[in-house]
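Please open the structure in your viewer and keep the sequence panel beside it. The tour below goes from the whole chain to single residues, naming at each stop what to select.

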Amino acid sequence: MRKELAKDEGERKKFTAVFVRLGKKVNYKGYSEETILLQHIKDAESQRIVTDHIWFSFTKGFQQLALSEGVTIEFEARVKEYTKGYVNRRYGIDKSKRDYRLSHPTKIKVVQK
């Protein structure tokens, strides 16, 4: 669980992170979608690490940047709660947990190359 993010639930804040690589996932409609992996996510104001990594969709805001491995970026995002884990109602299995994520990244820019 991302306990540092839990403290700021519902708030929109500024964060810094290090770009690692691009990836792919299958979205809910079955199509392939590009993603972006960021590590060492810090609260820009307090410089405390809020999570070790996070995946985002490779949206237009990220595509407009000249990203290469190790580049530090800055962005604003909202802290939201979500449910993760395995659930099978047919067999009565519920191993779901609540966790926190960053959503709706905006004002994305390269800080350090």
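Begin with the whole protein chain shown as a surface: it exposes about 7,700 Å², of which carbon and sulfur atoms supply 46% (accessible areas come from the Shrake-Rupley method with a 1.4 Å probe, and for residues only the protein chains shown count as cover). What you see is a predicted model, in which local features need pLDDT of at least 70 and side-chain atom pairs count only at pLDDT 80 or more, while totals for chains, interfaces and linings use all residues. Residues are numbered from 1 along each chain as its sequence is written, and side-chain values use heavy atoms, with hydrogens and water left out.

Now switch to a C-alpha trace, whose atoms fill a box of roughly 50 × 35 × 20 Å along the principal axes. Of the 113 residues of the protein chain, 33% count as buried (buried means under 20% relative accessible area, exposed over 50%, and partly exposed in between, with a 1.4 Å probe and protein chains only). If you colour by charge, you will find 25 positive and 15 negative side chains, with the centres of the two sets 5 Å apart; Lys and Arg count as positive and Asp and Glu as negative, whereas His and the chain ends are not counted, and the place of a charge is taken as NZ of Lys, CZ of Arg, CG of Asp or CD of Glu.

Next, choose a cartoon view, in which two helices and five strands appear, following the pattern α-β-β-β-α-β-β along the sequence. Helices (H or I, at least four residues) and strands (E, at least two) are DSSP runs, numbered from the N terminus.

Select the strands together, and they form an open sheet of five in the order β3-β2-β1-β4-β5, with antiparallel pairing; two strands pair if DSSP finds at least two bridges between them. Because β3 (49–57) and β5 (93–112) stand at the edges with a single partner strand each, one side of each is left without a neighbour in the sheet.

Move to β1 (residues 12–26) and β4 (residues 72–88), which run antiparallel and are joined by seven bridges. Within this pair, highlight F15, whose bridge partner in β4 is F75.

Then select β2 (residues 32–43) with β3, a pair that is also antiparallel, over seven bridges. In the hairpin of these two strands, five residues lie between them, and Q47 takes a positive phi near 65°. T35, in strand β2, has S57 as its bridge partner in β3, and T35 counts as buried because its relative accessibility is 6%. Leaving aside residues up to four places away in sequence, T35 touches a group that includes R21, L22, W55 and F56, where contact means heavy atoms within 4.5 Å.

Stay on β2 for H40, a residue other than glycine with a positive phi near 55°. Is H40 buried or partly exposed? With a relative accessible area of 44%, H40 is partly exposed.

Finish at H104, which sits in strand β5 and has a positive phi near 55° although it is a residue other than glycine. H104 counts as exposed, at 53% relative accessibility. Show its neighbours, and H104 touches R12, E76, A77 and K80, not counting residues up to four places away in sequence. As a last distance to display, H104 and T83 are 17 Å apart in space, C-alpha to C-alpha, and 21 residues apart in sequence.
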